[in-house]
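Q: Please take a close look at the aromatic side chains of this model. Then place them within the rest of the chain.

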Amino acid sequence: MCGIFAVLGQPSSDDREKKALVEACTQQIVHRGPDEITSFVSADGLVGLGFARLAIVAPEDGHQPMSSGDVETLREQDVRVGDVASPIVLSIANGEIYNHQQLRALELSDVHMRSDSDCEILAPLFEKHCPGRTSDAAAVSTFFNLLRGEFAIVLVDVAAGRFVVGRDPIGIRSLFFGRSSDGALWFASEAKALLKHCCELTEFPPGHYYMGSCVAGATRVSRDDGGGF
């Protein structure tokens, strides 16, 4: 059991303040993953991800957020949403992908993997089936239908400024989402990480995904209605 947190589409001119917010919200669910707390905040504040880790699979190198590129390089480059030369997908996930070894062999044999973590396949697999701004609901459904397991997942394509959030069909892994008064969307493994910040709050439905955009300049997070898979 781990804990995930995300706030998407909320611009901020102070990345230190935003990072403190992300870390404080992630601390609310630290009991789910006491081994490590990590975070990623884009320079414009539009993407904030937090992860509380219980290190079971690949304990030495299964750190999150994971990416289809180098997450450390992303931080060093002071990344802004929509301003990355090549598409890089970030992922945070609570759960277990049972068929990750088959997906590595059949779908990602040409991709260099840095760990044995089952969750590392998520970002490159999403990048393969849902490339850039051209992906649609059918492509996202195809991606989720490839996964066998229990999961709550947040994926962010930094270059395209878009995100997808999904939960396993049975709802084994918990996930909640809300909206703040400024239109930002918030996601977390437990509702208590969101209560202080959201004016709307509900459980994320099992077997559904949510597509959205967090491009700079938007006054609200634009979205497509979540579909089933």
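A: Phe144 and Tyr209 are both buried, where buried stands for under 20% relative accessible area, exposed for over 50%, and partly exposed for anything in between (1.4 Å probe, protein chains only). The model is predicted, so local features are taken only at pLDDT of at least 70 and side-chain atom pairs only at pLDDT 80 or more, whereas totals for chains, interfaces and linings use all residues. Residue numbers run from 1 along each chain as its sequence is written, and side-chain values use heavy atoms, with hydrogens and water left out.

Rings of Phe, Tyr and Trp (its six-membered ring) are paired if their centres lie within 6.5 Å; planes under 30 degrees apart count as stacked, over 60 as edge-to-face and the rest as tilted. That rule gives 12 aromatic pairs. One of them joins Phe143 to Phe144 in an edge-to-face arrangement, 5.0 Å centre to centre with 70 degrees between the planes. Phe143 has 0% relative accessibility and therefore counts as buried; Phe144, at 1%, is buried too. Between Phe144 and Tyr209 the ring centres are 6.0 Å apart and the planes meet at 10 degrees, so this pair is stacked. It connects distant parts of the chain: Phe144 belongs to helix 5 (residues 137-145) and Tyr209 to strand 11 (residues 208-213), 65 residues apart. Helices and strands here are DSSP runs numbered from the N terminus (H or I over at least four residues for helices, E over at least two for strands). Ring pairs join Phe126, Phe143, Phe144, Phe151 and Tyr209 into a cluster.

Phe126 leads to helix 4 (residues 122-129), where Leu122, Ala123, Pro124, Leu125 and Phe126 are buried. The cover over the buried residues of helix 4 includes strand 4 (66-67), strand 5, helix 3 (100-106), helix 5, strand 6 and strand 7. Helix 3 contains Gln101, which is exposed because its relative accessibility is 58%. The C-alpha atoms of Gln101 and Ile121 are 8.9 Å apart, with their positions 20 residues apart in sequence.

Next come the nonpolar cores, each a set of buried Ala, Val, Leu, Ile, Met, Phe, Trp, Tyr and Cys residues joined through side-chain atoms within 4.5 Å. The largest has 26 residues, and Leu8, Leu49, Val154, Phe163 and Phe187 have the most contacts inside it. At least two of its residues come from each of strand 1 (3-8), strand 3 (47-53), strand 5 (89-97), strand 6 (149-157), strand 7 (162-167) and strand 9 (185-188). A separate, second core of 25 residues includes Val89, Met113, Ile153 and Leu155.

Two strand residues show the local packing. Thr38 sits in strand 2 (residues 36-41) and is buried, at 15% relative accessible area. With contact meaning heavy atoms within 4.5 Å, and leaving out residues up to four places away in sequence, Thr38 touches Leu49, Gly50, Phe51, Gln64 and Pro65. Gly178, in strand 8 (residues 176-179), is buried at 4% relative accessibility. On the same basis, Gly178 touches Ala184, Leu185, Trp186, Leu194, Cys198, Glu200 and Leu201. Its C-alpha atom is 8.6 Å from that of Glu203, 25 residues away along the chain.

Cys198 raises the matter of disulfides, defined as pairs of cysteine sulfur atoms within 2.5 Å. The count is zero. For Cys198, the closest cysteine sulfur is that of Cys199, at 7.1 Å, which is too far for a bond. Cys198 is buried at 15% relative accessible area, while Cys199 is exposed at 54% relative accessibility.

For the chain as a whole, there are five helices and 12 strands, and 55% of the 229 residues are buried. Of the contacts between residues at least 6 apart in sequence, 62% join residues at least 24 apart. The exposed area is about 9,900 Å², with carbon and sulfur atoms supplying 50% of it (Shrake-Rupley method, 1.4 Å probe; for residues, only the protein chains shown count as cover).

On confidence, pLDDT is the predictor's score for each residue, from 0 to 100. Its mean over the chain is 84, and 81% of residues reach 70 or more. Residues 216-224 have pLDDT below 50, and this stretch has 19 contacts in the model beyond near neighbours in sequence. Where pLDDT is low, predicted coordinates should not be read in detail.
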